[in-house]
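Here is a friendly briefing to read alongside the model. It takes up the ligand, the aromatic side chains, the cysteines and one alanine in turn.

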Amino acid sequence: MCGIVGIVGSRPVAPLIVDALKRLEYRGYDSAGVATLEDGKLDRRRAEGKLVNLEERLKGNPLAGNIGIGHTRWATHGAPVEVNAHPHFSGNVAVVHNGIIENFRELRNELQSEGFEFTSQTDTEVIAHLVAKYLKTGATPVQAAHSSLKRLRGAFALAIMFASDEDLIVAGRNGPPLAIGHGEDEMYLGSDAVALAPFTNKITYLEDGDWATISKSEMQIFDLDGKHVDRAQQTSVGSALMVDKGNHRHFMIKEIYEQPEVIGHTLANYVDFNEDKIALRDMGNQENPLDFAKLDRLNITACGTAYLAGYVSKYWFERYARLPVDIDVASEFRYREVPMPQKGLSLFISQSGETADTLAGLKYCEEAGQHLAAIVNVRESTIARSSHSVFPTLAGPEIGVASTKAFTCQLSVLAALAVGAGVQRGHIDRETEIKLVSELSEAPRYANEVLKLENEIKELAHSLANKEHVLYLGRDTNYPLAMEGALKLKELSYIHAEAYAAGELKHGPIALIDEQMPVVVIAPYDRIFEKTVSNMQEVAARGGKIILITDKRGAEEVGMDEAQIILMPDMPEIITPIIYSLPIQILAYHTAVHMGTDVDQPRNLAKSVTVE
Ligand code: F6R
């Protein structure tokens, strides 16, 4: 979840490291730091909070040196204060680290009993002291790093620098990603290739259990036993352009507005609009193609918003392909000891492709001999590289921490997959396929139309601002969408929001309803609209303030003066989850803006969650 950078070169590296860290700020922004080495002396600057604070500090007090490491932090052990900011030092050793060292207590006790003094509450500091301990026994820097790595348990990526060697960084990976970049007389290390994009597109990814020595002219990779391993060099497609907000106030609203375009791009990858058919383009290992016809069940695993995209698709796969779906949040799935069917299909959904829990679920399914399929936004991510079938979303880089366009692109891929599965399994005939494809093709146009409702939704958002609680209700695919609405609102505005399947209301949550309770109901006119209306009546009868997101027919049928309505265009049923996502995103966005919270980087969150 933190971001790591290292550079060994022939020019001052501190400004380059800060530039690379800016591209990693999505991984955490609790504090940041840089350490460099010059004339045999390690020095560092660290600052609490966002990277701009570190930049200010470096302006007033620059760092010289042609070798350095940097870090942007999402706090796990220890508060987000300067003493806990990385790099951590122990004598002649500097360390930056991403992840969690599970046996840090045991190691800290050992090191403290040997006289090492700890100055932070982090687990990272044990690594610095451990390496320093081995150096004291006469080990070379590389030997000391190797011995230390062998003693660490947990999921981590790290970089170590030594005062005694101006041409060496040691990197290690066990879990979170690490990429080595190859330059001209300069080598780089980063948590992802995008961080290194301004310097190079020649990338070597470390695999789990790998560690590497990096100098300005070469790198060598080893396994934990110290044996050389070969890892192929790849050409990254990461953009060297720094993504900017254009004329939008926040990345989030920019990304909301990109949706008509990116949904269109994504659908075009999986739908042949000329032939009116689904053409599932699997970017994975073509030797082992995906065949929905042979399946008895589908298992879907993901976290957060990606999980909710999967949840929507459960309704689609079951309806259009008659394929039963088991869906789990990855943190539960990974430890539940789920019996997996012989040669089953396990689908993992992840914007970043690096989420630790999702990746652990994938490993479990790999061991159970499943066909692994991934829907990811970052094509070179670990989840993509570990899967047999890969279905990328074409959302482009998503910078706002709250997922918006990645979600609707995930839904777009899933809709195409569900219809494709229905065709392969013989539940969708040619005529229905043509109809569904034509309906999917209309999604970008409807998304565009709905964006025009922004001002109206903004006014409703002001009525939500400063409420203590908000309830979201929906049935069918609108139930997971209600959950997504509640998630967006709480993570952005810090208002407590909860979602219920509308029919569940009477089984308990209705006790919460009073005049203070806003209730957002997502209900396009469909077969079960009237059931949802009954639930809404129950809310209205108890004074609840209803915001209803529906279409013209729904608005006519509901006949409730007291409901405030976000009036959506009439649209085909299959695309409603994609298009109804937009008003719930805009509602959460404007509530948060009105309340003055940090929309793009809400408190306590990070974009890529590479710890459990
Ligand atoms: C919420 C949000 C998170 C992510 C979750 C999974 O707006 O963005 O809930 O969806 O952390 O992340 P990925 O998709 O990268 O696996």
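A polar contact here is a pair of N or O atoms within 3.5 Å. With that cut-off in mind, note that an oxygen atom of the ligand sits 2.5 Å from an N or O atom in the side chain of Glu-491, so this pair counts as a polar contact. Please keep in mind that the model is predicted.

**Around the ligand**

- There are 14 residues around the ligand, and those that come nearest are Ser-350, Gln-351, Ser-352, Thr-355 and Glu-491.
- Ser-352 places a polar side-chain atom 2.6 Å from an oxygen atom of the ligand.
- With Ser-403 the backbone takes part: one of its polar backbone atoms is 2.9 Å from an oxygen atom of the ligand.
- How much of the ligand does the protein cover? On its own the ligand has 410 Å² of accessible area, and 89% of that is covered by the protein.

**Aromatic pairs and the tyrosine cluster**

- Searching the whole structure turns up nine aromatic pairs.
- One of them joins Tyr-311 and Tyr-315, which are stacked, with 6.3 Å from centre to centre and 20 degrees between the planes.
- Why are these two tyrosines separated by about one helical turn? Tyr-311 and Tyr-315 are four residues apart in helix H9, which spans residues 304-320, and therefore about one helical turn separates them.
- Tyr-311 also pairs with Tyr-479, this time edge-to-face, at 5.8 Å centre to centre and 75 degrees between the planes.
- That second pair links distant parts of the chain, because Tyr-311 belongs to helix H9 and Tyr-479 to helix H17 (residues 478-493), 168 residues apart.
- Are the two partners buried or exposed? Tyr-311 is buried, with a relative accessible area of 17%, and Tyr-479 is buried too, at 18%; the cut-off for buried is under 20%.
- Taken together, Tyr-307, Tyr-311, Tyr-315 and Tyr-479 make up one aromatic cluster.

**Charges over rings**

- Arg-603 lies over the face of Tyr-494, and its distance from the ring centre is 3.8 Å.
- Lys-50 takes up a place over the face of Tyr-29, at 5.5 Å from the ring centre.

**Cysteines**

- How many disulfides does a search of the whole structure find? The result is zero.
- Cys-2 takes part in no disulfide, and the nearest cysteine sulfur, in Cys-303, is 17 Å away.
- For Cys-409, the closest cysteine sulfur is again that of Cys-303, and at 19 Å it is too far for a bond; a disulfide needs the two sulfur atoms within 2.5 Å.
- Both side chains can be placed by their accessibility: Cys-2 counts as buried at 6% relative accessibility, and Cys-409 counts as buried at 0%.

**An alanine in helix H17**

- Ala-486 lies in helix H17, the helix that also holds Tyr-479.
- Ala-486 has 2% relative accessibility, so this residue counts as buried.
- How far apart in space are Ala-486 and Val-520? Their C-alpha atoms are 9.1 Å apart, while the two residues are 34 residues apart in sequence.

How values were computed
Residues numbered from 1 in each chain as written. Predicted model: local features only at pLDDT ≥ 70, side-chain atom pairs only at ≥ 80, totals over all residues. Heavy atoms only, no water. Buried < 20%, exposed > 50% of the residue type's maximum accessible area, 1.4 Å probe, protein only. Phe/Tyr/Trp six-rings, centres within 6.5 Å; stacked < 30°, edge-to-face > 60°. Lys NZ or Arg CZ within 6 Å of the ring centre and 35° of its normal. Near = heavy atom within 4 Å. Polar contact = N/O pair within 3.5 Å; in protein donor to acceptor, adjacent residues only side chain to side chain. Areas by Shrake-Rupley, 256 points an atom, 1.4 Å probe, with all protein chains shown as cover.
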